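Here are some exercises to work through with the sequence and the 3D view side by side. Try each task yourself before you read its solution.

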Amino acid sequence: RNPLADPAVLGVAGGAALGAVLGHLWGLEVSLAGAVGLSTVAFAGALVAAIVVYLIATSGGGLPVQTLLLAGVITGLFFSAVITLVVSLVDFAQLGGILHWLMGSLGIVGYRAVGVIAVGTTVGTAMIYAQARALNVLALGEESALQLGVEAERVKRIVFVASSLLTGVIVAQTGPIGFVGLIVPH
């Protein structure tokens, strides 16, 4: 219910980026198994970020949009600081590839990456699509959704996991291109 809510603003893209940077340091992008591994660690980073944002935002009992956005911005800045720390400590030989990836690009995406992205987005989209009715009801507000039998917290958790999967898979293969998540839906 907020047009500013996107993976970069909610901190999820930052978590995915940190996971992917660590995956690059471990050499996971070389083969198909590496591309899957890179997406897995990026998904793990995105999921950690989503959990942190969710825990911070729900500390008052509900999930107010303003608190969610502020928690996301803070979490994203924290993960950016950790990425900066990792980049400053990394070996100079690995630095070029990581910095190039951090700029974000669709130019280096190969067939392996497209396959991994296809599988990850299919699973994530299916998870969100399965919640379509509940999400439509949630658009009326949480109280109305609860009265209509929608378990709002369960739906939010499923959507958080699915969104983390989608963000992790895409960020792992293309880098953190922040404006895409904000502009494309509009």
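**Exercise 1. A helix among others**

Task: Find which residues of α1 are buried in this predicted model, and state what covers them.

Solution:
- Step 1. Go along α1 and pick out the residues under 20% relative accessible area, the cut-off for buried. You should arrive at V12, A13, G14, G15, A16, A17, L18, G19, A20, V21, G23 and H24.
- Step 2. Set that against the length of the helix: twelve of the 14 residues of α1 are buried, so this helix is largely enclosed by the rest of the structure.
- Step 3. Look around these buried residues, and you will meet their cover, which includes α2, α3, α4 and α8.
- Step 4. Check the span: from its first C-alpha to its last, α1 reaches 20 Å, close to the 20 Å expected at 1.5 Å a residue.
- Step 5. Then step past the end of the helix, where α1 is followed by G27, a residue with a positive phi near 75°.

**Exercise 2. The nonpolar cores**

Task: Work out which elements build the largest nonpolar core, and which of them gives the most residues.

Solution:
- Step 1. Start from the members that touch the most others: among the 31 residues of the largest nonpolar core, these are V21, L68, I83, W101 and V171.
- Step 2. Now ask which elements give two or more residues to this core: they are α1 (12–25), α2 (32–57), α3 (65–89), α4 (92–103) and α8 (152–174). The most comes from α2, with eight residues.
- Step 3. Zoom in on V21. Leaving aside neighbours within four places in sequence, V21 is in contact with I83, V86, I98, W101 and L102.
- Step 4. Look for another group as well: a second, separate core has eight residues, including V137, A145, V150 and A152.
- Step 5. As background, nonpolar side chains tend to be buried together in soluble globular proteins.

**Exercise 3. Following α3**

Task: Describe the span of α3 and find what its buried residues pack against.

Solution:
- Step 1. Take the span: α3 has 25 residues and reaches 36 Å from first C-alpha to last, close to the 36 Å expected at 1.5 Å a residue.
- Step 2. List its buried residues: L68, L69, A71, G72, T75, G76, F79, I83, V86 and V87.
- Step 3. See what they meet: these buried residues of α3 pack against α1, α2, α4 and α8.
- Step 4. Use T75 as a marker. Its C-alpha is 9.1 Å from that of V9, although V9 and T75 are 66 residues apart in sequence. V9 itself is found in the segment before α1, and is partly exposed, with a relative accessible area of 24%.

**Exercise 4. A charged network**

Task: Find the salt bridges of K156 and say which residues they join into one network.

Solution:
- Step 1. Recall that side chains of opposite charge can pair when their charged atoms come close. The structure holds two salt bridges.
- Step 2. Take the pair K156 and E142, whose closest N and O atoms are 2.4 Å apart. K156 lies in helix α8 and E142 in helix α7 (residues 142–147), so the pair ties together parts that are 14 residues apart in sequence.
- Step 3. Take the pair K156 and E153, with 3.4 Å from N to O. Both lie in helix α8, three residues apart, about one turn of the helix.
- Step 4. Join the pairs: through shared partners, E142, E153 and K156 form one network.
- Step 5. Compare with the surface. K156 counts as buried at 11% relative accessibility, while E142 is partly exposed at 31% and E153 is partly exposed at 27%.

**Exercise 5. Out at the surface**

Task: Which residues make a nonpolar surface patch of about 210 Å², and is G149 buried or exposed?

Solution:
- Step 1. The patch is made by V48, V52 and I56.
- Step 2. Place V48: this residue is in helix α2, and is partly exposed, with a relative accessible area of 44%.
- Step 3. Move to G149, in the loop between α7 and α8. At 63% relative accessibility, G149 counts as exposed.
- Step 4. Finish with a distance: G149 and Y111 are 38 residues apart in sequence and 44 Å apart in space, C-alpha to C-alpha.

Technical notes: Residues numbered from 1 in each chain as written. Predicted model: local features only at pLDDT ≥ 70, side-chain atom pairs only at ≥ 80, totals over all residues. Heavy atoms only, no water. Core = buried A, V, L, I, M, F, W, Y, C linked by side-chain atoms within 4.5 Å. Buried < 20%, exposed > 50% of the residue type's maximum accessible area, 1.4 Å probe, protein only. Helix = DSSP H or I, 4+ residues; strand = E, 2+ residues; numbered from the N terminus. Contact = heavy atoms within 4.5 Å. Expected span 1.5 Å × (residues − 1). Patch = residues over 30% accessible without salt bridge, like charges linked within 9 Å, V, L, I, M, F, W, Y side chains within 5 Å. Areas by Shrake-Rupley, 256 points an atom, 1.4 Å probe, with all protein chains shown as cover. Salt bridge = Lys/Arg side-chain N within 4 Å of Asp/Glu carboxyl O.
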